[in-house]
Amino acid sequence: ERVSHPLRADRSKLYMADLESALHYSLRVEAARASSLSGAQLAAFKCYVATLVKYFPGRPCVQTYLQTLDAWLRNWTEPELPRTVLKEAMKNKRDASQPSVLPTNVTWVGCQGSERHFRGYPCGLWTIFHLLTVQAAQNGPDKELPLEVLSTMRCYVRHFFGCQECAEHFEAMAAKSMDRVASREEAILWLWSHHNEVNARLAGGDTEDPKFPKLQWPPPDLCPQCHKEERGVHAWEEPAVVTFLKAHFSPANIYMDYAE
Ligand code: FAD
């Protein structure tokens with residue numbers, strides 16, 4: 001089910017509907033495609049859910065959903081997890097005293113494309129991982145486990161992301177430089193700068209939504225202080241970028257418009 005709204009989303013905001021739609025799609029559709037999970041793929045799935053439990057700033061029923069799924073996965077010690085069993089474990093439990101619910105409808109707001117085949121899920125997945133890198137930096141010691149979120153993303157993309165070519169590009173970028181990230185703050189910047197590298201590569205291509213041209217982000221109208229010029233050449237003011245990312249990808253900037 002996919003709902004379209006004739007809306008103009010605000011580019012300076014995050015929308016819970018995008019985040020929950022992307023979570024639903026990644027957990028229940030994309031990651032549950034194989035007839036069973038085992039080995040590194042099962043480990044990548046467990047790791048993704050454990051990271052979401054730690055850092056995803058969800059509504060109470062969604063946090064309960066993630067915690068319940070995480071506890072269930074930790075209990076699953078057999079080498080193979082059949083899809084049918086996993087799908088059953090991922091169902092909502094609305095009637096409990098503490099509802100455990102991740103909405104099953106897919107509604108794109110900030111990630112809505114001008115046509116069905118544009119934007120949507122990949123936009124939502126980027127947003128989730130930016131949010132996680134920022135929340136990990138805000139909620140833990142800077143130098144401890146700097147790669148916690150990035151390596152979770154790397155594993156998720158490698159084992160599950162439906163666009164094979166995208167996964168290969170991302171893995172190549174990760175293999176080149178991800179290991180040099182030494183703090184949680186650097187992890188925020190690594191994901192930001194590599195997402196911009198992807199934006200630059202895709203600009204003008206046929207996957208670009210003409211209504212949402214690929215930009216080096218954040219553009220000057222969203223963050224004027226993020227930009228500077230050095231000898232006539234554009235450069236980023238990185239401390240301002242970090243400040244901007246921490247505010248943009250914060251729970252206070254998540255809006256409930258169109259959430260179920
Ligand atoms: P997206 O690039 O999806 O960005 C989503 C939102 O994040 C934007 O609307 C903006 O608010 C914000 N944002 C934009 N840039 C940044 C940034 N640098 N830092 C923080 N926030 C930002 N498509 C291909 O065709 N080829 C590929 O190889 C490819 N590789 C991909 C790899 C990964 C890991 C992912 C998740 C997606 C990949 N995609 C690829 C899809 C592509 O990157 C876009 O997600 C898709 O085209 C939708 O674009 P969009 O306009 O919604 O913006």
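**Exercise 1. Packing of two helices**

In this predicted model, the axes of helix α2 (residues 39-55) and α5 come within 10 Å and cross at roughly 60°. Determine how α2 and α5 are oriented to each other, and state the hand in which α2 passes α5.

*Solution.*
Step 1. Two packed helices are described by the angle between their axes and the distance between the axes.
Step 2. For α2 and α5, the angle is roughly 60° and the axes approach within 10 Å.
Step 3. Angles of 65 to 115 degrees count as roughly perpendicular and those under 35 degrees as roughly parallel; α2 and α5 are therefore oblique to each other.
Step 4. The crossing in which α2 passes α5 is left-handed.

**Exercise 2. The ligand and its polar contacts**

Identify which of the 20 residues around the ligand come nearest, and list polar side-chain contacts to the ligand from His195, Asn199 and Thr207.

*Solution.*
Step 1. Arg119, His169, Trp192, His195 and Lys214 come nearest among the 20 residues around the ligand.
Step 2. His195 places a polar side-chain atom 2.7 Å from an oxygen atom of the ligand.
Step 3. In the side chain of Asn199, an N or O atom is 3.0 Å from a nitrogen atom of the ligand.
Step 4. For Thr207, the distance from a side-chain N or O atom to an oxygen atom of the ligand is 3.2 Å.
Step 5. On its own, the ligand has 940 Å² of accessible area, of which the protein covers 90%.

**Exercise 3. Composition of the shell**

Which elements give two or more residues to the shell around the ligand, and how is the shell divided by class?

*Solution.*
Step 1. The elements that contribute two or more residues are α5 (121-138), α7 (164-177) and α8 (184-202).
Step 2. Helix α8 supplies the largest share of the shell, seven residues.
Step 3. Sorted by class, the shell holds eleven nonpolar, six polar and three charged residues.

**Exercise 4. Backbone exceptions**

Locate the cis peptide bond from Trp217 to Pro218 and the positive phi values of Leu145 and Tyr258.

*Solution.*
Step 1. Most residues other than glycine have a negative phi, and most peptide bonds are trans.
Step 2. Between Trp217 and Pro218 the peptide bond is cis, with omega near 0°; Pro218 lies in the loop between α8 and β6 (227-230).
Step 3. Leu145 has a positive phi, near 40°, and belongs to the loop between α5 and α6 (148-160).
Step 4. Tyr258 likewise has a positive phi, near 70°; Tyr258 is in the segment after β8 (254-255).

Methods:
Residues are numbered from 1 along each chain as its sequence is written. This is a predicted model: local features need pLDDT of at least 70, side-chain atom pairs count only at pLDDT 80 or more; totals for chains, interfaces and linings use all residues. Side-chain values use heavy atoms; hydrogens and water are left out. A residue is near a molecule or strand if one of its heavy atoms lies within 4 Å of it. A polar contact is a pair of N or O atoms within 3.5 Å; within protein, one must be able to donate a hydrogen and the other to accept it, and residues adjacent in sequence count only if both atoms are side-chain atoms. Accessible areas come from the Shrake-Rupley method with a 1.4 Å probe; for residues, only the protein chains shown count as cover. Helices (H or I, at least four residues) and strands (E, at least two) are DSSP runs, numbered from the N terminus. Ala, Val, Leu, Ile, Met, Phe, Trp, Tyr, Cys and Pro count as nonpolar, Asp, Glu, Lys and Arg as charged, and the others, Gly among them, as polar. Axes are lines fitted to C-alpha atoms, for helices over the stretch in contact, and angles run from 0 to 180 degrees between N-to-C directions. Angles under 35 degrees count as roughly parallel, over 145 as roughly antiparallel, 65 to 115 as roughly perpendicular and the rest as oblique. A crossing is left-handed if the near helix is turned anticlockwise from the far one by less than a right angle, and right-handed if clockwise.
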